[in-house]
Every structure is written in structure tokens, then in C-alpha cells.
There are 4 protein chains.
Amino acid sequence: MPLIEIHPQLAHNHGAANLKQEPFSWQLLIDRGVEILFLATPHEQSREWVPEALARGIRVIDLSGAWRLTDSANRAIYAFADEGTSQAASIQSQAVYGMPELHRSAIAGARLIANPGCYATSVILGLRPLVAAGLVDLDHGIVADSKSGVSGAGKAATAKTHFMYAADNLSAYGVFTHRHTGELLEQIGLDASQIVFTPHLLPIPRGILSTIYVYFSQPQSPESVSRVYHEFFAGSPMVRLYDHALPQIQYSVRTNYCDIGFQLASDGRRAVIVSCLDNLLKGASSQAVQNMNLMLGYGEAEGLE
Amino acid sequence: MPLIEIHPQLAHNHGAANLKQEPFSWQLLIDRGVEILFLATPHEQSREWVPEALARGIRVIDLSGAWRLTDSANRAIYAFADEGTSQAASIQSQAVYGMPELHRSAIAGARLIANPGCYATSVILGLRPLVAAGLVDLDHGIVADSKSGVSGAGKAATAKTHFMYAADNLSAYGVFTHRHTGELLEQIGLDASQIVFTPHLLPIPRGILSTIYVYFSQPQSPESVSRVYHEFFAGSPMVRLYDHALPQIQYSVRTNYCDIGFQLASDGRRAVIVSCLDNLLKGASSQAVQNMNLMLGYGEAEGLE
Amino acid sequence: MPLIEIHPQLAHNHGAANLKQEPFSWQLLIDRGVEILFLATPHEQSREWVPEALARGIRVIDLSGAWRLTDSANRAIYAFADEGTSQAASIQSQAVYGMPELHRSAIAGARLIANPGCYATSVILGLRPLVAAGLVDLDHGIVADSKSGVSGAGKAATAKTHFMYAADNLSAYGVFTHRHTGELLEQIGLDASQIVFTPHLLPIPRGILSTIYVYFSQPQSPESVSRVYHEFFAGSPMVRLYDHALPQIQYSVRTNYCDIGFQLASDGRRAVIVSCLDNLLKGASSQAVQNMNLMLGYGEAEGLE
Amino acid sequence: MPLIEIHPQLAHNHGAANLKQEPFSWQLLIDRGVEILFLATPHEQSREWVPEALARGIRVIDLSGAWRLTDSANRAIYAFADEGTSQAASIQSQAVYGMPELHRSAIAGARLIANPGCYATSVILGLRPLVAAGLVDLDHGIVADSKSGVSGAGKAATAKTHFMYAADNLSAYGVFTHRHTGELLEQIGLDASQIVFTPHLLPIPRGILSTIYVYFSQPQSPESVSRVYHEFFAGSPMVRLYDHALPQIQYSVRTNYCDIGFQLASDGRRAVIVSCLDNLLKGASSQAVQNMNLMLGYGEAEGLE
């Protein structure tokens, strides 16, 4: 099917107008000299294709949830057919969680990137610096209340992506059961009892805003918290820290940035962190490009600013 | 100004077409035999008019924040000009917080009703039953993450009610400083350190959804939590409890109901409560009618179902 | 399936909570003593069930397009399987187009009502009075530019009802080919060459606004045009005429009214008519109730104001 | 005021973070060596500043309506204070209507560009090719039914830009009186009686879709109409012609393209043209850049694709 039947506006673009969708074949990839394969397939498909790609010497950036979780207890929710096989374990051991702000050097040398979930990206980037610095009282419990635009629910026409369901509405879903929870636990370093994560469906096309609530072990000042973030994200071009305002969805949509800001209670013990990104970009495709840049030795922000 | 210049669709309605907006005067109220005055004025105006109305023997249902708070520390945020006068103290002592589910009998005999804030209604109704039953570990801290449609920001044309600000956006505001916080503390019975309340502006015309996070002192079952809610709201016709699904904004908009549901973590120690209502109805005008019904001895749900 | 699994908010309503969806059977209708059957089925289903209902002595209000068109050329677009059979012709001859403002007395005595299309209702009510009065220069051509909310596209989850397709968008469709065109021709009394009708998909849940362009044979004044409308709709409680403003979608949504206003060019020869209604109410279900009221001898607006 | 207080997301951008808003002064322009001044001011301000800029040898691209209309009858609607003065007449005579697709060579040499209105751009580009080719029966009358997102109404917070007015609504306005009408008449070459233009306010942030209705003097085929458009826009990089589908708002938003498609009735005599653009880009700022490119001898599409 020619691309322009799906996106008629591309007919004018001579490059795109001639592009065809082609059936997938390994031979085609080899003929074209593909070095890195982006996979945006269902999880099960990725479980099947990634081993073959690696065996053929093709590096993979996988946008599904297939290889994100190292702990089998966290992976259980996906119920992968090949769970427990030695091949799957071997592939999993090679996978690097593709969040440059946490795993920059490992990504550069990786053969398989598990590109992070959109919700997970927003929550991990907001929380990891504070937890890593030892500021957060984990026993007090963390709350991550996330809201996402409808594109996060995928392109399939379903009851929940119907305009009449989403418009003029807000709904919580996947309470205590959302599949991105495992990513939060593993990447932030938490027990399941230490965080509650609740996603909501927003009546907008794109964008995620996560409101994150933490208690500090010791009273903090805005300056001390800000310093922790700035140090953690020094050298991270795709995170924007807001020192004088809170981020909003409209600031980060159509960018590859994750925007992070916070507000402290007057007691210095409680903080509200707001983390925003575009679920289709920093939450998916352009974070994948950010990973590719690192794998190929390009500038990390190449093509993304 | 004839009403039909503001609402042209009423021109067809012969009753409404002849209605005029009239300048306020006490004499007019007396001539018309008004027994109960609904005030939907700025806070300061209510501070001025309520004493006079009561002095003239007219009962008042005040929709502003003027008389909702009994603790002067909580009231400080309003910086009322008459704060600390004996008249203000005397009026305040007569005010009843107009939430029938908590103060039904006091409302019936009240001369002054302080009609609750919209956010406050959604959070208090979701939390009060659990706190009153002693289930909640208050030291663990409660989070109330609330989201409201734009009508909650009023009819004034401002930068924040501009379509271009609100549409396709989500933003947190008033973090740790929102004026409804005092209502939560007083009506639920909390210290300021025991709850964090964060309002957000949703890109929809109306509706509030509050996602509330609590830790229980002892593990609970869905049945035990449900029982607490059902007992608390027995005899409360305007609260709908959801035992098999979570409420959504679209279920409660254009009704006078507050819809409440919850989900329990598998450890029985953590719960997410979802509370929805229409900020213009149960969050304002129709809760005022509900109060009036009680004051006049009508059925509480009269005209509201 | 219990109704409350589809609409959880009804669980609180004791009447609705016990309602079950029941499989259709003629025996059930007979056992319950059904006098009038509302059919909201696909067109083909109505072609099949209506003959049987009538044979069993049950009157039908059919909300599909199955029986709206008397001219077989106009019907061709539906390609009914039973087209041309004598039974279909016989049923068609009994069908009354269910627009009370045009066919009030025929509706009262009808056994089969073909409830009008939503777009058609808005255009016919805006145009028929002017054409019937002989004001419109038909050779000059009429334009009806209509815009509808997404509920007009039905409850099925399709590419076009996906939030990502409809939101932040506007698209024309069915240009020169929309199935409601035949209703316009037959009910207004036009040749196919005398009107161009273009529907558009609006990014809102509900509501239709039709902007209609006509040329008058003789110059008119606002008063003369207004008089024509008022005379035509005298005794029609469900049409609201706007003499001092134009209707908007938000005025008519959630009402059973069709709102009509117009603006005249200074030359008195050209007019723009704006006609608004709620596609789910006056454009469908509540117009069906309006028809039922007439069939049962109730007041036409009973339950609709 | 620092730019980052208005747009906090720019704080991260080192270039933008240091930008200040500066008070306007001619000396500043001279000191900075400004060659071309973009004016996005109220009409009256442009009437005042443009003469001075030209006198100082600074070329101007004016985005207001101040200098778009050559016919004083069309200009009357603006009621300019300096209307009829010889200075105003002299400036007006130098102004070139900044639509490259119609006036490319005049723009290249112009000292004053009157940048077109957003609605006007969409309608003129859709109609001018057909009228210029003599296809359109002008006596039959043209209808241009245009719909615009809320950003077209400006950044001022008003009753009509309030979210509660625009959301879930559609309204026609300025019927027979909109100020862009004069641009249509002058640039397409029409008498006031030959076109009816009706703008509508869409509940979306940005984008214009104009549905245009014409009658042809002689029957046309899709091919003959398509040929006229392709010939007219040969060498126009910022117009995209749709031969196999109709444009939609979502295709052109956030681009500098004007997208044009059409559908022909089976009689070949009637056509519906759909023209889409982004009112903030091809309808304003990026069309201004397109004009600048021509004035400075750059590629017309430089920086716009």
C-alpha cells in the first residue's frame, strides 16, 4: 500500500510519495545493509524477531515492552510464551534499558535496546535523581499520578479510543496493575510496596504529565533539591529543569524533552514533582533516535532539537 | 439587561424571556418575601452582605469561601478585611458547612450555610468515611490529586481561561497553597502535614475527578472498605458508590451525584479512591439546592434526580 | 448482559440496575403488549423487521434510513436487497416521514414512521418554510454546509471515530454523495441540481450546525423573512426561531429543539440561514418521541421540554 | 520582561533565555541595522508606523489589515483615522498584497508588504485559479464557508476566546460583514454580490478549512479542473494539490502549506473546493517569512519546509 493513501498530505513530498510499505523480510534488511533495526511491534513479535536479528548481527532498538524488565516477577504480567527458556534469558541479559540519562555508556555499546515505556520515562526521570541522592523516605511511600493523551492507547480503534469515550472525560485505569510499574521499580530501585502508580486517560491527543509525591527523610530547601536535579542531569541535553515555574503538557508536546519541575511544602519534608513529555517522542520514537545517536557515536541530541 | 441577550436560546421560553436582571436591593428581597438568599458573589461581598441578611431575618446559602473555615489560621489565606472583628466571629459561629452527608441535621436548622468548595466536596466525600472509621494511617500521609474542568476557574476571561491556554493541555497549580485545603483539614479532621492536595486544570468544560491515595493501619479487604462507605452514606441519596468499576467524569457530569469508587492493592494496605462530581452542580449550585431542601423540610433530593 | 456493565453509573438507580438487555423476539413484544416499536437498527434489519411488525399489528417508529425515501432513484444509494418487491413497495407507501413540523396530521394516523436523518432535519427545517413560500430562486442553487459532532458517526469504533482522527481536526466527507441528500430533495421539493449538501465531521461529541445559503427571487426584508418562518412554525413547539442572534451548537445541544436564525445581505437577495440541533435528540431519539406523542394523542412536546 | 516568564519552556534554550523584550524605538532598529520590519500590531498602529519606517528606508511586512485593500469602499469597514489623506494614499499605492502565489515578482521588489488575512488566504488560493481561467459562472454566486480555530481570534482574553464559549461549540459570526471580504473581492476579482463568505469559530486551537462552492459555465471533468490548478500553482512550493483525497485541517496544521482539493458533481457543473491551512503559519507568520524570502532573494520556501 503506498504511504500516501494513509497520509495523503505526503503526496506533495517527492521523497515520501514514492515510498512503499514493504513486507518484512530478513533478506531485505541484509540487502539494504541495515545496521540498526527499530522494532515497533507487539511484544510477542519482538520476542520472536529480536533473537533472530541479533543472531544475524543486526542491532535492535525495540519499542515494545518485550525486553525492558530483568526481574521475572515483574515480567510475569506480560506472560511471554518463551518465558524461562535459556534463549530468552540470554537475550534479556544483553538488553539495555534505553534511557540515556541513566544508562548512557551502556547504551553506546549495546546490541539490544529496550526502549522505555512512555509513562515510565516521565516517572523515572522525575524520581530517580532524588532517590539516588538518598533524599526520599521510601517507607513513607511514593505516589505517581500520571495522565496521558489518547495516542498513548495506540492506533487501534477500540471502545476506549472512540472519541465519545475519551472526549470531555477523565478516567483512571490499570490501578495497581499497569505494566509500566515494573520499569519504575527496577529503574528507580524500589519495592512494589514503596510506590503507587495510577495512569489516567486525558481527552487530548498527546502528552503525559506525571504528578509525583514524595516525603524527604530530612527537610530540604528548594536550592538543595534543585542542586540534586542539576547534578544528575548535567550532560543530559533532553531534560529541561524548571526552577521558576512548573512544566505543563503544552510546553513539552512536539519536543523530545522531558520537562521537570517541583514545589516544596513549607516544612521542607514534602515535595510535589511535575514531569512532562510527549508520549510519542521522548516517550517513544525520539527517545529511540536518542539511543540510536549514542549507538552510532553521533551527538545525543542530533536531529532532536 | 434582559436575560435573553446573554442567553439567546431562552427567548423561546416565555417564562425566561420576560425575566430581567435586577439590581440588588434589600427592599426588593423583602417585597418579594424572600426566605432564603443564595449568594454567588466574591468572598468579600459575602462578608459584607451576610451579616445584613441575617440581621433582616433572611437565611443565606453562601456559595463563596467567605464562611467555610472555622480556624482563623486556615482563613488567613483569604485575608478578609473584617477578620478578627466580633461581628465576623459571631457570624462565623453560626455558619454550617453545607455538606449534607456530614452535617444533615445542623443544615436543617441553620441560618447560614457555607456551601462547600468544588474540589473540597470531591475529596471530603471520598476520604471522610475512611478517616472517620479509623482505617487510615494518617502519619503515612494522604495524597489528593484533583483535576477540574475549566468552568471551575470562573466566567471571567483571563489568560488561564483562554481556549489557547487550556485546550490540549494539563497543568498543576496552587501546589501546597490552594484555598480549598483548609476545608479538607477541618472537615476530614487532619493536620496540614497529613495531606497533600494538588489541583490541575483539565481541557474540558466541566467535571472534577480526584484520585486519592491512602495507607491503612491494618490490611483491609474490598468488602471491609466497601462496608465502611455504604454505612457512612446510608441515607445519602446524592452519593453513588461504585463497587464494580471506577467512576469517570462523564458519569457524573450534569448530575448532582458525587460518584465514589476505590481499588485496593493486593497487600490490603494501600488504596486508591476515585471521586467524581460536576463542579457546577454537586460542587456548587445543586449542592446549594440540596441544602435548601433540608432547610425547608423538603426531600433532600427534591428536584435533583 | 446487565445494563450496568455498560453504564456503571446506573447501578445506583434501582430501576435501571435491574434492567437486562433481552434478546429480541416477537413473542416478547406481544407478551408485553407493545403498541409502538422503536427500531434503531441497521437499515437492512429494518427492511426485514418492519413488515413483520406491521403484519402483527405493531406500529413502528424506525430510526434507520430504510423507509425514508419514496423515490426509487433516491433510494438506490442504499441498495436494499428487497428493492423492487411488491411487499417493499407496499410498506413504503404506508411510511410517513416523521417530521412533525411538516407532516403532523399524517404522523398521528401512521402505522410506520420513518424517523428523519439528523442532517436532513436541520436542513429541511431551515429551508422548507422559505421554499414553500416561494421566496427562493431555485435556479440559483442552494448550498447546505453542515457540520456534525462525532456521535453522528455511530458507536462503532472505526478509524474515523478514533479520538486521534477527530480531535483537533475538521474534515468534509460524502461530498455530493451523502445518503441524507435524498431526504432533502423529497421533503423540500428540489431537483438534485438545485442543492449542494456537504457534511463535515466536527471535533465535538454532539450537535449539528447547518449553514444554508439561498438567493431570493425578490428582495426581502428581515421582517418579511421572519414572518414566513413564524407562520410556518406556528404551533410547532420544538422549533425555536432566533430573531436577534444566530443559533450556536451549544444552545441546542441536550435539547429537543431545532434552533433557526438567519442574516440577510444588504441587497435583500441573499440570505444565510443557521440551523442547529442535537443529532442525538431532535436529530434522532427525541424526534422519535415527538412522533410517538402524536401517534398516541399526547401533547407533542410531552417529556421533551 | 524576560521572554522566559511568558514561555518558561525556553529557559533551557541558552539563546532564548537571554532574549529580552525591548521597547520599540526607531533608533534601536537603526542601531541593529534592520532591513525588514515585521509588524504584528493593531491596524491603527500600522497606519502610523509604516509611513515612518518607509521614510527611514526600512522595508515593512505588515501582518495587520492596515494596507491590504486598494478600494476605499472595501477599506471603509476599518474606518482608519487617516483615511483620505494624501500620505495614506501614497503609502497604499506602494503596498503589495503579500500572496506569493499571485504576486511573486511584485513582492520581490516591494517596500511594503500587506500580509494577507488568514481566511482570505485560504479562500483566494482555492478560488483564484478557477476564476482566472474563466471556469466559474460568477452570476450564479460563490459560497465560501470557512471555519477557523480559536487562535484566529487573537491572544486577548475575551468572552469569545473563553474556553467555555468555544469548547464543544460551533458558531457563525460576521455574516456578510467580515473584514476579510474585501480581500476576497479584490484578489479574486469579484463584485460584492458574487460571493457570500461566512466564518465560523471551531473548537480547536488552530487551522482553517474553507469549503467553497462554485458553478461552472461549462461542464468540467476532474482532469480539466485539476489541470487548471496544477498550471496555476506550478512553481508555487507552498501549495499542495490533492488529486485523490480532500485535505483536512490536521494535514496542514503546523505546516506553511495551503492544501487544496475538490470534488465535482456528476453533472460537471458544480464543484466543492476544500482549502486548508494553519492560520498562524500560511495564514500569518510563515507567509510573512515566505514574503521576506522573496524580498531578500532567498529561495521562497527557505526555512518553511
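How many residues of chain B are in contact with chain A? I'll start there, and then go through the fold of chain A and a few strand pairings in the other chains. One caveat before the numbers: this is a predicted model.

So, the interface. On the chain B side there are 33 residues in contact, and they meet 33 residues of chain A. Contact here means C-beta atoms, placed from the backbone, within 7 Å. As for where those chain B residues sit, the elements that give two or more of them are β5 (142-148), β6 (171-172), β7 (195-201), β8 (208-215), α12 (249-252) and β11 (270-277) of chain B. The largest share is from β8(B), with four residues. If you sort that side of chain B by class, you get 18 nonpolar, ten polar and five charged residues.

Next, chain A by itself. It has 13 helices and eleven strands. Its radius of gyration is 20 Å, and the globule rule gives 19 Å for 305 residues, so chain A is as compact as a globular protein of that length. Along the principal axes, the C-alpha atoms of chain A fill a box of roughly 60 × 45 × 40 Å. Of the 305 residues in chain A, 49% are buried. On contact order: take the contacts in chain A between residues at least 6 apart in sequence, and 68% of them join residues at least 24 apart.

Now a sheet in chain B. Which order do the strands take? The sheet is open, has four strands with parallel pairing, and the order is β1-β2-β4-β3. At the edges are β1 (36-39) and β3 (95-97) of chain B, each of which pairs on one side only. From one strand to the next, the twist averages 20°. To look at one pairing in that chain, β3(B) runs parallel to strand β4 (residues 112-114) of chain B, and three bridges connect them. If you want a residue pair to find on screen, Y97(B) has A114(B) in β4(B) as its bridge partner.

Last, chain C. Strand β1 (residues 36-39) of chain C is parallel to strand β2 (residues 59-62) of chain C, with four bridges between them. Within that pairing, F38(C) is opposite I61(C) in β2(C). Helix α4 (residues 43-55) of chain C belongs to this part too: β1(C), α4 and β2(C) form a β-α-β unit, and that unit is right-handed.

To go back to the opening question, the count for chain B against chain A is 33 residues on 33. That's what I have.

Technical notes:
Residues are numbered from 1 along each chain as its sequence is written. Chains are lettered from A and ligands numbered from 1 in the order in which they are written. This is a predicted model: local features need pLDDT of at least 70, side-chain atom pairs count only at pLDDT 80 or more; totals for chains, interfaces and linings use all residues. Two residues are in contact if their C-beta atoms, placed from the backbone, lie within 7 Å. Ala, Val, Leu, Ile, Met, Phe, Trp, Tyr, Cys and Pro count as nonpolar, Asp, Glu, Lys and Arg as charged, and the others, Gly among them, as polar. The radius of gyration is taken over C-alpha atoms; the globule rule is 2.2 Å times the number of residues to the power 0.38. A residue is buried if 20 or more other C-beta atoms lie within 10 Å of its own, exposed if 12 or fewer, and partly exposed in between; C-beta atoms are placed from the backbone. Two strands pair if DSSP finds at least two bridges between them. A crossover is right-handed if, with the strands pointing away from the viewer, the path from the first strand over the helix to the second runs clockwise. Axes are lines fitted to C-alpha atoms, for helices over the stretch in contact, and angles run from 0 to 180 degrees between N-to-C directions.
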